[in-house]
Each structure stands twice: as structure tokens, then as C-alpha cells.
Amino acid sequence: MKTLRIFLNATILCGTLFFYQNAEAQKINQKTTTIAVNGTSPLHDWEMNSSAATFTGTVNGNSISNATFTMPVKNLKSKKGTTMDNKAYEALKAAQYPTISFTTSSINIGKSNVTGKLTIAGVSKNVSFPVNVAKNENTYTIYGTETVKLSDYGMSRPGFMGIKTGDDVTIKVNIVAQ
């Protein structure tokens, strides 16, 4: 009888703790997203932008867990016109791999490094880069930037008339989520 009472008390305690932890968790989704991809070429620097992406995660305490970011490749647009856009889509293998994604198990609120899996052109790499997550009531602003090499993701450098872009591109992401 005493063993049964201890077991029941332990079960009630564990259930209460589990319920409390889950009651504190807050699912969040992006409200707005801004993405900029910057690169170079011998003629001029270039930039492509997008404001269409999805972000989800679960806030629990001082971190966002199970965070997922996905952006359709063809939402990236340049100010240089469709020729540059099409060259970029070709390099990103958009026909085969229509999205760029990043997943991580946890992002700390405040300034920190986030580690996760970045997938571009069908190639996934473990990456770590600095982020800043600011909390304002139930809104979270997430800003991160990372420089990657196109060649690390199996991409050829886009070019036009024999002039190719640089291998390094800088990706800047700004997400506002609730």
C-alpha cells in the first residue's frame, strides 16, 4: 500500500510538472520576414531580397525550440531584372530544390550563436552563426546573418558573358514572430 501511495504521488507530481511546462510553451509564427542575399562580381555588388518565408517555433522560458525557417527560392528578387533572377535560380537549382531551409533545436533569447542545419540547393550543412532575439511582450524579433560559400552547397557561381559572381554570399534574415 505504501509503495502504491508513493507511486501515485510521483505520478501526480510528474504530471503536474509536465502540464506546467506545456502550459508555459507558446507556439509562434512569423508576422513579417525580410531576407537579403548580398554578393559580389567584378562589375558590381548585387543584392536579392524576399519578404516571403515561413518561420515556426515554440517559446518556452528563455529559448525558442524546434525552430524552422523555409523560404521559396523564387521569392528572391533582384533590382537588376529577370536575367539575374533566372541565373540565380539556376545556380540555386530551384527547379529541383524549390526551397531554402534552416532548422534548429533551440535559439536563445538575447544575443547568442545558433547551431542548426542549413539546406541550400539540396545540400544540407551544419552551421553556427550569431543571432539576436529580442522579446517585446509576446513578439519576438530574430535577426541573424551568415556568410556562405556557394561552392560548399554544390552551386556554380552564376555569371553572364564570362563574368562570374564571387563565391561568398551573405544572407541576412530578420523575422518578427508572435
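## Strand pairing, core and pocket in a predicted chain

Strand β4 (residues 63-72) runs antiparallel to β3, to which it is joined by six bridges; two strands count as paired if DSSP finds at least two bridges between them, and the strands themselves (E, at least two residues), like the helices (H or I, at least four), are DSSP runs numbered from the N terminus. The model is a predicted one, in which local features need pLDDT of at least 70 and side-chain atom pairs count only at pLDDT 80 or more, while totals for chains, interfaces and linings use all residues. Residues are numbered from 1 along each chain as its sequence is written, and side-chain values use heavy atoms, with hydrogens and water left out.

### Pairing around β3 and β4

β3 and β4 form a hairpin with two residues between them, and G61 in the turn has a positive phi of about 70 degrees. On its other listed pairing, β3 (residues 54-60) meets β1 (residues 26-39) in the antiparallel sense over four bridges. β4 in turn is joined to strand β6 (residues 99-108) by nine bridges, again with the two strands antiparallel. Individual partners are set out below.

| Residue | Partner | Strand of the partner |
|---|---|---|
| I28 | G57 | β3 |
| V59 | I64 | β4 |
| N60 | S63 | β4 |
| T68 | T103 | β6 |

Within β3, T58 has a relative accessibility of 12% and therefore counts as buried, the limits being under 20% relative accessible area for buried, over 50% for exposed and the range in between for partly exposed, with a 1.4 Å probe and protein chains only. Leaving aside neighbours within four places in sequence, T58 is in contact (heavy atoms within 4.5 Å) with A25, Q26, K27, S63, I64 and S65.

### The chain as a whole

The chain has two helices and 12 strands, and along the sequence these follow the pattern α-β-β-β-β-β-α-β-β-β-β-β-β-β. Of its 178 residues, 35% count as buried, and among contacts with a separation of 6 or more, 58% are between residues 24 or more positions apart. One example of residues distant in sequence is the pair K87 and F160, which are 73 residues apart along the chain and 8.3 Å apart in space, C-alpha to C-alpha. K87 lies in helix α2 (residues 82-91), is partly exposed with a relative accessible area of 32%, and, apart from neighbours within four places, is in contact with P158, G159 and F160.

### Core and pocket

The largest nonpolar core, a set of buried Ala, Val, Leu, Ile, Met, Phe, Trp, Tyr and Cys residues joined through side-chain atoms within 4.5 Å, has 41 residues, of which F55, I64, F69, I100, I107, L118 and I120 touch the most other members. Strand β12 (residues 168-177) supplies the largest share of this core, five residues. Beyond its neighbours within four places in sequence, I100 is in contact with F69, T70, M71, V73, L76, L92, L118, T119 and I120.

The largest pocket is lined by 47 residues, with V37, W46, M48, L76 and V169 nearest its centre. A pocket here is an open set of points on a 1 Å grid over the protein atoms alone, where a 1.4 Å probe fits, with protein on both sides within 12 Å along at least five of seven lines, and lining residues have an atom within 4 Å of a point. Strand β9 (residues 139-149) gives the largest share of that lining, six residues.
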